[in-house]
Amino acid sequence: MDTVGVGIIGYGFIGKVHAYAYRTIPFHYDPAPVAVRLVGVATARKETAEAARRHGGFETGTDDWRSLIDRKDIQVINICSPNVVHAEQLAAAMAAGKHIYCDKPLTATVEEAAAVETASRGWKGIGQMTFHNRFFSAPQRARQLVEEGFIGSPLSFRAAYLHSGSVDPTVPMKWRFRKEQGGGVLRDLGSHLIDLVDWLAGPIAAVRTESRILYPTRPDGKGGVEAVDTEDQVVMTVRLSSGALGTLEASKIATGAEDDLRLEIHGSRGALRFSLMEPDFLEVFDNAASDLPLGGTRGWTRIATLQRYPAPAVFPPARATSGWLRGHVHCLWHFLDAVARGAPVDPSLQRGVDVQRIMDCAARSAGTGRWEPAPAR
């Protein structure tokens, strides 16, 4: 396949991010895995679809997402729509034999995820989740070190994904505050934490959860108020299959936070830690290093991963800093490379199903206060 036609469903913030990534891949990678045509974009209204078409440089804009799936010149459907409509769009794209790039979470509910899993049987396309935080250079290096046995057996871990956007009580209601529309910080930020910890140290075996809604109501934008039924903060105690215990916290009420994702894993032979606010560096600790004399070489080492992605990554230079968008660009390159080669991909849509099931365990535990076992995989 020399060229793929792409249709993006949804052109809010994340739709723009994905369009940017498609446009910039030929600069970052030489050769690019496949040439891309941004054929179409779909939004909820004709006027926003036309604005999206002009903004993103698409060939066409429409208020009917099904029309993108019906087009023969579109091979990739990119789902950037609200969570509540993912399941229907995924099923339609699979039925049409399209390749799929889907923003997280996979669906709004675990029941919908199970239906997508069923629909995927017999589907021959390539499907990937946008768990882009894996694809910064530092987590990529962390994965290599884990596979090499650098940290040994995981002993403990802690991870947090912190925002502050819901601290203000005047922030009005939107779909992210509504449970029936797939909102809540567990799905929005917690999905990333679950994926990262499970990928680097898992599998996750069980979870126990506490959650909190900061304000029971928010302005409805019409002069009244509306009840909030999704959590602003979730704290999970997690047990891995190795027996390691740790915590995951996702919050949008962390005053002072920007886009703070922090991860530490401590093992029998070493440890590693990473912060999204410094995405170009991975810190590692080698427990075998001598502390003699006078501390020897024992201590944390800061690895400058920067833009040191393997070929065919060629731009910017390896010594350059990266920035938040770089994780998205490499995540999308990973997907397009798999499409070009007709190869399996990870994180796959099945990975999205697995994360959805762990999130469902966490949500149930928040209601019962009990440990909930993660489904076998």
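In this predicted model, Glu-278 is partly exposed, with a relative accessible area of 42%. Its salt-bridge partner is Arg-302, the two side chains meeting at 2.5 Å from N to O. Arg-302 is likewise partly exposed, at 43% relative accessibility. Glu-278 sits in the loop between S14 and S15, whereas Arg-302 belongs to strand S16, so that the bridge links parts of the chain 24 residues apart.

This pair belongs to a wider set of charged contacts, and the count for the model comes to 26 salt bridges. Another one joins the side chains of Arg-357 and Glu-117, with an N to O distance of 2.6 Å. Because Arg-357 lies in helix H9 (residues 349–368) and Glu-117 in helix H5, this bridge ties together parts that are 240 residues apart in sequence. The two partners fall on opposite sides of the 20% limit for burial: Glu-117 counts as buried at 15% relative accessibility, while Arg-357 is partly exposed at 23%.

A third bridge brings together Glu-226 and Arg-178, whose side chains meet at 2.8 Å from N to O. Here too, distant parts of the chain are linked, with Glu-226 in strand S10 (residues 225–227) and Arg-178 in the loop between strand S7 (154–162) and H7, 48 residues away. Both ends are partly exposed, Glu-226 with a relative accessibility of 26% and Arg-178 with a relative accessible area of 22%. Beyond such pairs, salt bridges with shared partners connect Arg-134, Asp-195, Asp-198, Asp-346, Arg-351 and Arg-377 into one network.

Turning to helix packing, the axes of helix H4 (residues 86–95) and helix H5 (residues 110–119) come within 10 Å and cross at roughly 0°. The two helices are therefore roughly parallel to each other. On the H4 side, the contact is made by Ala-87, Leu-90 and Met-94, and on the H5 side by Glu-112, Val-116 and Ala-119. Sorted by class, these residues are 5 nonpolar and 1 charged, with no polar residue taking part.

Two residues of this contact reappear around Leu-106. Apart from its neighbours within four places in sequence, Leu-106 touches Leu-90 and Val-116, together with His-86, Ala-113, Met-129, Leu-349, Gly-352, Val-353 and Gln-356. Leu-106 is also among the members of the largest nonpolar core, which holds 65 residues; Leu-106, Ile-100, Met-236, Leu-248 and Leu-349 are the ones that touch the most other members. H7 supplies the largest share of this core, with 10 residues. A separate core of 32 residues lies apart from it, including Ala-21, Ile-25, Val-339 and Val-345.

Helix H6 (residues 137–147) offers another view of the interior. Its buried residues are Ser-137, Ala-138, Pro-139, Ala-142 and Leu-145. These pack against helix H7 (185–201) and against three strands, S14 (270–275), S15 (281–286) and S16 (300–304). H6 is followed by Gly-149, which has a positive phi near 85°.

Finally, Ile-69 may be considered in its surroundings. Ile-69 is placed in helix H3 (residues 65–70) and is buried, with a relative accessible area of 6%. Setting aside neighbours within four places in sequence, the contacts of Ile-69 are Ile-77, Gln-89, Ala-92, Ala-93, Ala-96 and Lys-98. By contrast, the C-alpha atoms of Ile-69 and Leu-261, which are 192 residues apart along the chain, are separated by 35 Å.

Technical notes: Residues numbered from 1 in each chain as written. Predicted model: local features only at pLDDT ≥ 70, side-chain atom pairs only at ≥ 80, totals over all residues. Heavy atoms only, no water. Helix = DSSP H or I, 4+ residues; strand = E, 2+ residues; numbered from the N terminus. Buried < 20%, exposed > 50% of the residue type's maximum accessible area, 1.4 Å probe, protein only. Contact = heavy atoms within 4.5 Å. Axes fitted to C-alpha atoms, helices over the stretch in contact; angles between N-to-C directions. Parallel < 35°, antiparallel > 145°, perpendicular 65-115°, else oblique. Nonpolar A, V, L, I, M, F, W, Y, C, P; charged D, E, K, R; others polar. Core = buried A, V, L, I, M, F, W, Y, C linked by side-chain atoms within 4.5 Å. Salt bridge = Lys/Arg side-chain N within 4 Å of Asp/Glu carboxyl O.
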